[in-house]
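Hi,

Here is the structure I promised to pass on. Have a look at it first, and my notes follow below.

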Amino acid sequence: MGSQAERYKSGVLPYAKMGYWEPDYVPKDTDVIALFRITPQDGVDPIEAAAAVAGESSTATWTVVWTDRLTACENYRAKAYRVDPVPGAVGQYFSYIAYDIDLFEEGSIANLTASIIGNVFGFKPLKALRLEDMRIPFAYLKTFQGPATGIVVERERLDKFGRPLLGATTKPKLGLSSKNYGRVVYEALKGGLDFVKDDENINSQPFMHWRDRYLYCMEAVNKAAAATGEVKGHYLNVTAATMEDMYERADFAKELGSCIVMIDLVIGYTAIQSMAKWARRNDMVLHLHRAGHGTYTRQKNHGVSFRVIAKWMRMAGADHIHAGTVVGKLEGDPNVIKGIYSVCRDSFTAKNPEQGVFFDQEWASLRKMMPVASGGIHAGQMHQLITYLGEDVVLQFGGGTIGHPQGIQAGATANRVALEVMIKARNEGRDIWNEGPQILADAAKWCSPLRAALDTWKDVTFNYQSTDTADFVPTATAS
Amino acid sequence: MRITQGTFSFLPDLTDAEIRAQIDYALDKGWAIGVEYTDDPHPRNFYWEMWGNPMFDLRDAAGAMTEVLACRKAHPQHYIRVNAFDSTRGFETTRLSFIVNRPTNEPGFQLKRNEVGGRSIQYTTESYATKKPEGSRY
């Protein structure tokens, strides 16, 4: 075709004219679809900006190259097919881009993300760019292992049903000797928690080397299990400088009989996938602490939304993921958090733009990932936590356990009693949202640790505006 | 000691009316009720004896309560629990499990430490009760 010769003439063409803008394109069931929030530089046409994003995240470079003609290049070009102004946000556009499945290596988050959030995020014609959501096709999902254990199997192994699991992070997070650290673990587990957790930056520092910590923590776990007749666990953080170090630590945790190990998001996608495979091979639950995510998930005009990170981590194979509390000290708009929890726990997630979920997502039988709510929550919020977060969640009360005026065991007991009494009331058909405070007050009459917890923290709330809200309904929240 | 397995072990023992309310909740969800008992409460003893099969076709809490009471009458000094099974795709597992009877005296567990190489210890949890044969433990 003459037009082909024209198209491939050396020089610079607008991306939209290079084939990266196809308004009539109907995405195939096997396409990966990404929804970006684009903020073009002043004077840049939004359609050209969307096409440029499609181009730079797939085959394009800044100038025409004749070598395209050696390939079935139409197939490999990502296609921007829809651009909508973001409601209530001048100069921002939601742009939908479809990618053929052949652009991606099977079972590799690293490969998927190298395209989707690669060079394109530094692209000059854009002021800012955010990956809001993705639709992962069934066929591609089937190439991923998914959660090593999953919610269903984790509960069966732990023999704990019908209520959220309870955890706490050992505090102070840095400085305790191994022996003192294990004391906190034992007290919290014996008092009624299911899990205690290393914090994200507890690895192997001068004050506490990892082997020592593992040995004392496993003494604490086993002693508490014998004292209560329950399965107990401590998330031993195996995060380290190299994969070899992480495998060594994880193997030692297994040798000592731990049921769970932990990693930090900062180890990277490939390391996470490696640990997920290790966890599946070794009957281990894999807890993922999302250290670092706030650097790119919080500002809604630039970065990657946490809902997308959650999707990737479910594919990568994490069993637990910190996913927000709504009521605690960390970022969390109720609608956005609901969307993230759906991504973790659903077999099928229905499109719900109000919650930031822009696509139907069939999960192709990938196991479910347990969301973890942690950061500034306490027993007095139990009715709100259960209402917002449901039952398949780990509620982590760190300060709310260890900071209890009567001691750590009492703190744990207060949380467990508050939890059980609220689940019981909910199951009995009571309106826990409104009656919650009364239900807790009634239980506090026979449970003095709960009384003390309620008195200590009754007025603690973190009422700040959320920075990450869904813009589909511009007036949905305070921000 | 008090074994704290099950959804409501930190609360005072449930009354029969409270047990029935939980069974009503499970039946409303479409779950099947099963009653199980044991005198080996080891935390990893997953297979308690079944007091009959789960009652898949039973939609009336009174019928389930009859089984709970009959099991309690036959095994007054055993642990008895009510389980609710959900057959929905994506779950296909127990959704609620709570103790409805326990022995008067719960001796608890011994933690055995088998000292192996270096500072490592292999732990075993052993119920004091299971030192006696099944059926004569409590």
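Is helix α7 of chain A mostly covered or mostly exposed, and how many of its residues are buried? Keep in mind as you look that this is a predicted model. The answer is that α7(A) is mostly covered, with 10 of its 14 residues buried. Among them are A:Tyr181, A:Val184, A:Val185, A:Tyr186 and A:Leu189, along with A:Glu187 and A:Lys190.

What do those buried residues pack against? Quite a list, all in chain A: the strands β5 (165-169), β6 (195-197) and β7 (233-237), plus the helices α8 (210-228), α15 (399-402) and α16 (408-427).

I also checked the length of α7(A), which covers residues 178-191. At 1.5 Å a residue its 14 residues should span 20 Å, and the end C-alpha atoms are indeed 20 Å apart, so the two agree. Just after the helix, A:Gly192 takes a positive phi of about 140°.

Next, a strand. β4 of chain A (residues 126-135) is mostly covered too, with 8 of its 10 residues buried. It pairs with β1(A), residues 32-40, in the antiparallel sense over 8 bridges, and in that pairing A:Ile33 stands opposite A:Arg135. β4(A) is also joined to β10(A), residues 303-304, by 2 bridges, and here the strands run parallel. There, A:Leu131 of β4(A) faces A:Val304.

Now for the nonpolar cores. In soluble globular proteins, nonpolar side chains tend to be buried together. The largest core here has 153 residues, and A:Val53, A:Val261, A:Leu286, A:Ala418 and A:Leu450 touch the most other members. Helix α16(A) gives this core its largest share, 11 residues. If you want one residue to click on, try A:Leu450: leaving aside neighbours within four places in sequence, its contacts are A:Ala379, A:Ala414, A:Val417, A:Ala418, A:Leu440, A:Ala443 and A:Ala444. There is a second, separate core of 20 residues, which includes B:Phe8, B:Tyr25, B:Ala84 and B:Phe98.

Finally, how do the two chains meet? 31 residues of chain B are in contact with 31 residues of chain A. On the chain B side, α1 (16-28), β4 (93-101), β5 (109-115) and β6 (121-127) each supply at least two residues. The largest share comes from β4(B), with 5 residues. By type, the chain B side divides into 16 nonpolar, 11 polar and 4 charged residues.

Cheers

Methods:
Residues numbered from 1 in each chain as written. Chains lettered and ligands numbered in written order. Predicted model: local features only at pLDDT ≥ 70, side-chain atom pairs only at ≥ 80, totals over all residues. Helix = DSSP H or I, 4+ residues; strand = E, 2+ residues; numbered from the N terminus. Expected span 1.5 Å × (residues − 1). Buried ≥ 20, exposed ≤ 12 C-beta atoms within 10 Å, placed from the backbone. Contact = placed C-beta atoms within 7 Å. Nonpolar A, V, L, I, M, F, W, Y, C, P; charged D, E, K, R; others polar. Pairing = 2+ DSSP bridges. Core = buried A, V, L, I, M, F, W, Y, C linked by C-beta atoms within 7 Å.
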